[in-house]
Amino acid sequence: MGSCRDCLTRIPYATFIATVLCFIGVGVFCGTVYRGATLANLILLDVFHVQVEWIGITRLLLIILGGIMACLALIMLVVGCLATGSTRHTVYRAWKARVGGRLSCAIFLGMSYILFYVWVGILICLTMVTLIFTLFWGLCVDNQRRHDRPCISFVQFDWLFPNGTTKDDLEVCGPEELKLFCKDYVEVAEVSFILSTVASFVVSLSLVHYLMCLASNYAYIRDQEKISDLQEMQYLHESIMK
């Protein structure tokens, strides 16, 4: 019973919750961003006949960022375990270990701070992309209600497309092309980007948790140094008294 209680005191619950949030957010983010970016590229290629290379590069960079974030989450969980409960007293007993622990917490604190703003930027960009696809879906719904419109015109949104896109390519006409654009691409892509936006928010929230946990772990390790000094002074005092 005592050993079980001792194990429970060694678990960094706040860091563990942050890690779970991070893994859920990164997993959903990578899957939905990959699908959403692929559909967006297919829309430009099959419907508007425009080839954009930076979409594939951006998709790859975001997935790599998600993988890096998952690895950092595991490392920060290990750092949290080392700075919790009786493990902290065992690991950070020596002076060099305490300096290394404080340095590692400071480094990950700075990295989490930078990554927080990176993910907030991704959240803002995905929110804008989601709004654009929601607008596209609204045009599809409006076209289905009004049978007098055989085409969906994107001429007023020509600023969203690369230079040189012709007016004919900015119009989606015909039942097959409308089905391809609305049902096969836009509807699925909108859901994917909504989920990726929510996932990026969850990852940003997990980084806020990490910032608080790392700051508290830094303070715990610093306090451990004071406790060790007091214990050494007490030991010296007892030796002198003897």
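In this predicted model, L195 has a relative accessibility of 42% and is therefore classed as partly exposed, since that class covers values between the 20% limit for buried residues and the 50% limit for exposed ones. L195 is located in helix 6, and its side chain takes part in a nonpolar surface patch of about 590 Å², which L195 forms together with F16, I17, V20, I24, V28 and V191. Two helices, helix 2 (13-47) and helix 6 (175-241), each contribute at least two residues to this nonpolar patch, and of the contributing elements helix 2 provides the most, with 5 residues.

Helix 2 also takes part in a second feature of the model, the largest pocket, where helix 2, helix 3 (54-82) and helix 5 (95-145) are the elements that supply two or more residues to the lining. The space within the largest pocket amounts to about 660 Å³, and among the 24 residues that line this pocket, those closest to its centre are A40, W54, I55, V129 and F133. Whereas helix 2 gives the most residues to the nonpolar surface patch, the largest share of the pocket lining comes from helix 5, which gives 7 residues. By residue class, the lining of the largest pocket consists of 22 nonpolar residues, accompanied by 1 polar and 1 charged residue.

How values were computed:
Residues are numbered from 1 along each chain as its sequence is written. This is a predicted model: local features need pLDDT of at least 70, side-chain atom pairs count only at pLDDT 80 or more; totals for chains, interfaces and linings use all residues. Side-chain values use heavy atoms; hydrogens and water are left out. Patches are made of residues with over 30% relative accessible area and no salt bridge: like charges are joined within 9 Å, nonpolar side chains (Val, Leu, Ile, Met, Phe, Trp, Tyr) within 5 Å. Accessible areas come from the Shrake-Rupley method with a 1.4 Å probe; for residues, only the protein chains shown count as cover. A salt bridge is a side-chain nitrogen of Lys or Arg within 4 Å of a carboxyl oxygen of Asp or Glu. Helices (H or I, at least four residues) and strands (E, at least two) are DSSP runs, numbered from the N terminus. Buried means under 20% relative accessible area, exposed over 50%, partly exposed in between (1.4 Å probe, protein chains only). On a 1 Å grid over the protein atoms alone, a cavity is a set of points where a 1.4 Å probe fits but cannot get out, and a pocket is an open set with protein on both sides within 12 Å along at least five of seven lines; lining residues have an atom within 4 Å of a point. Grid points are joined across faces, edges and corners, and a volume is the space filled by probe spheres set on the points. Ala, Val, Leu, Ile, Met, Phe, Trp, Tyr, Cys and Pro count as nonpolar, Asp, Glu, Lys and Arg as charged, and the others, Gly among them, as polar.
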